Amino acid sequence: MTKPLWIKNASQLVTLASEQQGPRSKEAMSNLGIIENGSIWIENGLIEAVATTEEIKQRYENRLHEAEIFDANHLLVTPGLVDPHTHVVYGGSREREFEMRLEGATYMEIMNAGGGIHATARMTREASEMELFEQTSRRLNSFLQHGVTTIEGKSGYGMDLETELKQLRVMKKLQKEHQIDLVPTFMGAHAVPPEYRGKEEQFVDLLIEEMLPIIAKEKLAEFNDVFCEKGVYTPEQSERILEAGKKYGLIPKIHADEIEPYRGAELAAKVGAISAEHLLKASDHGIEMMAKAGVIACLLPATALYLREEAAKGRKMIDAGVPVAISTDCNPGSSPTTSMPLVMNLACITMRLTPAEALTAATYNAACAINRQDVAGSLEKGKQADIVVWNVKDYRELQYLFGVNHVKSVWKKGVKVVSNE
């Protein structure tokens with residue numbers, strides 16, 4: 001039994017509490033459940049009570065002497081941020097490609113020349129499991145420093161069984177040994193390996209018949225993702241892969257309509273994907289289908305910025321009734337960042353989300369996109385005590401004062417893991 005923890009005197013305690021179940025859309029994305037002069041009582045890593053400071057003081061007056069007390073000193077307190085889309089386990093880096101893009105090369109030109117995903121795949125194949133573990137640990141430390149307490153991680157920088165297993169086993173080890181909760185996604189269909197060019201159907205068969213059964217048997221992933229894009233996987237191939245994964249209990253996700261319209265949003269609705277990612281070029285019909293099917297749009301504004309593309313239509317999606325989450329897309333080629341605060345800024349500036357919507361997209365809806373809404377994403381009784389204290393007093397300052405890391409303190413399951421005091 002550990003000492004209770006009492007975090008008190010928040011200027012605004014953003015709880016995200018709601019009676020609504022599941023991801024939030026339209027007006028519900030603006031309901032932050034703010035408690036002025038708020039306070040949280042924590043027992044054994046779980047939230048026991050959320051109320052005003054005076055109410056908590058009265059409720060636990062006979063136990064206050066037992067508690068470790070943290071005075072938020074009239075600063076903002078929110079749930080830990082959740083990043084629902086990353087490629088955080090990889091080897092090497094690709095700074096030369098950044099320069100190539102500035103010189104005029106496109107994403108697909110670099111990829112077709114052996115760069116892009118293929119370059120990282122080569123470096124990831126060559127890296128040992130320990131090297132990947134150490135590199136990824138450093139990235140996870142940076143996520144914590146930016147207020148992120150739960151992230152999703154995808155494989156996909158192997159596209160062969162050995163390396164895919166290596167990436168997923170690194171994630172499994174990190175989940176046990178690192179403070180961050182790391183949720184694994186299998187993405188063997190991230191690209192077509194060079195050795196299978198012209199033999200794409202053979203690789204799809206390999207994914208379905210050899211990789212998926214082993215991933216499922218070893219319980220290495222919860223989700224199954226595919227890059228549905230012209231020149232990568234067709235909608236028909238993507239559907240085969242995602243439907244095969246469902247037979248093994250893997251929940252579908254889909255990289256959709258990033259480079260050009262390719263019916264990815266429509267496919268996400270058709271297969272019952274929990275989320276569709278990117279969506280820069282999603283059609284109006286696809287957006288409508290996602291809204292009807294309850295598919296979460298996981299939008300990645302830092303990736304659009306880095307590739308100098310127009311951002312996804314976040315405002316239009318919310319108005320159409322699509323629940324929206326946002327993410328860093330942390331990866332070595334198109335978004336090498338671990339800053340969810342920056343992503344919240346960009347969601348407002350480039351996609352016209354309001355500050356409240358951006359915060360919901362980075363917490364509760366993001367948790368829904370990786371099936372973690374029962375333990376993370378909001379500050380409610382019974383959930384993990386994943387909490388951030390920010391060096392601002394009003395949640396709108398997080399989006400207004402852009403390009404700054406305002407994190408003061410971070411708790412993961414009631415344990416302080418970041419202290420910038």
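This is a short tour of the structure, stop by stop, with what to select and what you'll find there.

Before you start: this is a predicted model, in which local features need pLDDT of at least 70 and side-chain atom pairs count only at pLDDT 80 or more, while totals for chains, interfaces and linings use all residues. Residues are numbered from 1 along each chain as its sequence is written, and side-chain values use heavy atoms, with hydrogens and water left out.

**The whole chain**

Show everything as a cartoon. You should find 16 helices and 16 strands; these are DSSP runs numbered from the N terminus, with helices being H or I of at least four residues and strands E of at least two. Along the principal axes, the C-alpha atoms fill a box of roughly 70 × 45 × 45 Å. The radius of gyration is 21 Å, which agrees with the value near 22 Å for a compact globule of 421 residues (taken over C-alpha atoms; the globule rule is 2.2 Å times the number of residues to the power 0.38).

Colour by accessibility if you like: 61% of the 421 residues count as buried. Here buried means under 20% relative accessible area, exposed over 50%, and partly exposed in between, using a 1.4 Å probe and protein chains only. As for contacts (heavy atoms within 4.5 Å), take those with a separation of 6 or more: 72% of them join residues 24 or more positions apart.

**The annotated site**

Next, select Tyr157, Asn331 and Gly333, which UniProt lists for "binding site" in an unreviewed entry. They are spread over 177 residues of sequence but cluster in space, with a largest C-alpha distance of 11.7 Å. From this set, Tyr157 and Asn331 belong to the lining of the largest cavity. A cavity here is a set of points, on a 1 Å grid over the protein atoms alone, where a 1.4 Å probe fits but cannot get out; lining residues have an atom within 4 Å of a point. As for the annotation, UniProt positions are given in the numbering used here, feature names are shortened, and annotations may be inferred rather than shown by experiment.

Zoom in on Tyr157, in the loop between strand 7 (148-154) and helix 6 (161-177). Tyr157 is buried, at a relative accessible area of 2%. Then hop to Asn331, in the loop between strand 13 (324-326) and helix 13 (340-351), and buried as well at 4%. Setting aside residues up to four places away in sequence, Asn331 touches His87, Tyr90, Tyr157 and Pro336. Look too for the backbone oxygen of Asp329, which lies 2.6 Å from a polar atom of the Asn331 side chain.

**Helix 13**

Follow the chain onward to helix 13, which is mostly covered, with nine of its twelve residues buried. Among the buried ones are Met340, Val343, Leu346 and Cys348. At the N-terminal end, Ser339 acts as a cap, placing a side-chain oxygen 3.1 Å from the backbone nitrogen of Leu342. Just after the helix, check Arg352, where phi is positive at about 65 degrees.

**Salt bridges**

Now for charges. The structure holds 26 salt bridges, each a side-chain nitrogen of Lys or Arg within 4 Å of a carboxyl oxygen of Asp or Glu.

Start with Lys292 and Glu288, whose side chains meet at 3.3 Å, N to O. They sit four residues apart in helix 10 (residues 284-293), so about one helical turn separates them. Lys292 is exposed at 70% relative accessibility, while Glu288 is partly exposed at 41%.

Move to Glu380 and Lys383, paired at 3.6 Å, N to O. Glu380 is partly exposed at 22%, whereas Lys383 is buried at 6%.

Then pick Lys412 and Asp386, with 2.7 Å from N to O. Lys412 lies in strand 15 (residues 407-412) and Asp386 in the loop between helix 15 (364-369) and strand 14 (387-390), so the pair ties together parts that are 26 residues apart in sequence. Both ends are buried: Lys412 at 4% and Asp386 at 3%. Add Asp181 and Lys413 to the selection, and you have a network of salt bridges linking Asp181, Asp386, Lys412 and Lys413.

**Last stop: Lys173**

Finish on Lys173 in helix 6, partly exposed with a relative accessible area of 30%. Apart from neighbours within four places in sequence, Lys173 is in contact with Met130 and Phe133.

Key. On a 1 Å grid over the protein atoms alone, a cavity is a set of points where a 1.4 Å probe fits but cannot get out, and a pocket is an open set with protein on both sides within 12 Å along at least five of seven lines; lining residues have an atom within 4 Å of a point. A polar contact is a pair of N or O atoms within 3.5 Å; within protein, one must be able to donate a hydrogen and the other to accept it, and residues adjacent in sequence count only if both atoms are side-chain atoms.
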